[in-house]
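Please find below a colleague's note on the charged residues and helices of the model shown here. The points are numbered for ease of reference.

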Amino acid sequence: MDRSYKEDVPRFRAILEEMREEFAKIGATTDWTGLRIEPLLEHVLRLDHLMKSPKFVRETARLRKGVAMFHADLVYLRTNIKELKAILVAEKRKRDRDEA
């Protein structure tokens, strides 16, 4: 596992937790928290737990063979977070229009 993976996973956790709060504040018509944020958070929490597990601490060198799979996790999470951010902006605009 490379350094970016070890740094990005906790960062994604913080972003998703913040987005969960933001979506709760705006009261979107679609439950994005239940549909995407919670499942993504579960995935991130599992990855974080595995990375810190004593079972895998010694495996870092051997896990380099799986870099493509770890990279796929990051791409998956980045893509979902990017789209959720776009949805959040659109929902906030809609809410602001409705309140005006």
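1. A term is needed at the outset: a residue is called buried under 20% relative accessible area, exposed over 50%, and partly exposed in between. Glu17 has a relative accessibility of 27%, and it therefore counts as partly exposed. The model is a predicted one, and every value in this note is to be read accordingly.

2. Overall architecture. The chain contains four helices and zero strands, so that the order along the sequence reads α-α-α-α. Of the 100 residues in the chain, 31% are buried. The accessible surface amounts to about 6,900 Å², and carbon and sulfur atoms account for 55% of it. When contacts between residues at least 6 apart in sequence are considered, 84% of them join residues at least 24 apart.

3. Salt bridges in general. How many salt bridges does the chain hold? The count is eleven, where a salt bridge requires a side-chain nitrogen of Lys or Arg within 4 Å of a carboxyl oxygen of Asp or Glu. Three of these pairs are discussed individually in the points that follow.

4. The pair Arg13 and Glu17. These two residues form a salt bridge whose closest N and O atoms are 3.2 Å apart. Both belong to helix 1, which covers residues 3-26, and they are separated by four residues, about one turn of the helix. Is Arg13 buried or exposed? Arg13 has a relative accessible area of 31%, which means that it falls between the two cut-offs and is partly exposed.

5. The pair Glu22 and Lys92. Glu22 forms a salt bridge with Lys92, and the closest N and O atoms lie 3.0 Å apart. This pair links distant parts of the chain, since Glu22 is in helix 1 and Lys92 is in helix 4 (residues 67-99), 70 residues apart. The two side chains are also joined by a polar contact of 3.0 Å. Lys92 is partly exposed because its relative accessibility is 28%. With neighbours within four places in sequence left aside, Glu22 is in contact with Leu88 and Lys92.

6. The pair Glu42 and Arg46. The salt bridge between Glu42 and Arg46 has its closest N and O atoms 3.9 Å apart, which is still within the 4 Å cut-off. Both residues lie in helix 2 (residues 32-52), four residues apart, about one turn of the helix. Glu42, at 42% relative accessibility, is partly exposed. Arg46 has a relative accessible area of 55% and therefore counts as exposed, the cut-off being over 50%.

7. Geometry of helix 2. This helix has 21 residues and reaches 29 Å from its first C-alpha to its last, close to the 30 Å expected at 1.5 Å a residue. Where does the helix bend? A kink of about 25 degrees is located at Glu38, shortly before the proline Pro39. The buried residues of helix 2 are Thr33, Ile37, Leu40, Leu41, Val44, Leu47, Asp48 and Met51.

8. Asp48 and the salt-bridge network. Asp48 is a residue of helix 2. Why is Asp48 classed as buried? Its relative accessibility is 8%, and the class of Asp48 follows because this value is under 20%. Residues up to four places away in sequence being left out, Asp48 touches Val9, Pro10 and Arg13. Asp48 is also part of a network of salt bridges that links Arg13, Glu17, Asp48 and Lys52. The Arg13 and Glu17 pair of point 4 thus belongs to this network.

9. Asp8. A further acidic residue, Asp8, is found in helix 1. Asp8 is buried because its relative accessibility is 9%. The side chain of Asp8 makes a polar contact of 3.1 Å with the side chain of Arg11. Once residues up to four places away in sequence are set aside, Asp8 touches Leu74 and Arg78. Asp8 and Asp48 are 40 residues apart in sequence, and their C-alpha atoms are 10.0 Å apart in space.

Note on methods. Residues are numbered from 1 along each chain as its sequence is written. This is a predicted model: local features need pLDDT of at least 70, side-chain atom pairs count only at pLDDT 80 or more; totals for chains, interfaces and linings use all residues. Side-chain values use heavy atoms; hydrogens and water are left out. Helices (H or I, at least four residues) and strands (E, at least two) are DSSP runs, numbered from the N terminus. Buried means under 20% relative accessible area, exposed over 50%, partly exposed in between (1.4 Å probe, protein chains only). The expected span of a helix is 1.5 Å times one less than its number of residues. The bend at a residue is the angle between axes fitted to the seven residues ending there and the seven starting there. Contact means heavy atoms within 4.5 Å. A polar contact is a pair of N or O atoms within 3.5 Å; within protein, one must be able to donate a hydrogen and the other to accept it, and residues adjacent in sequence count only if both atoms are side-chain atoms. Accessible areas come from the Shrake-Rupley method with a 1.4 Å probe; for residues, only the protein chains shown count as cover.
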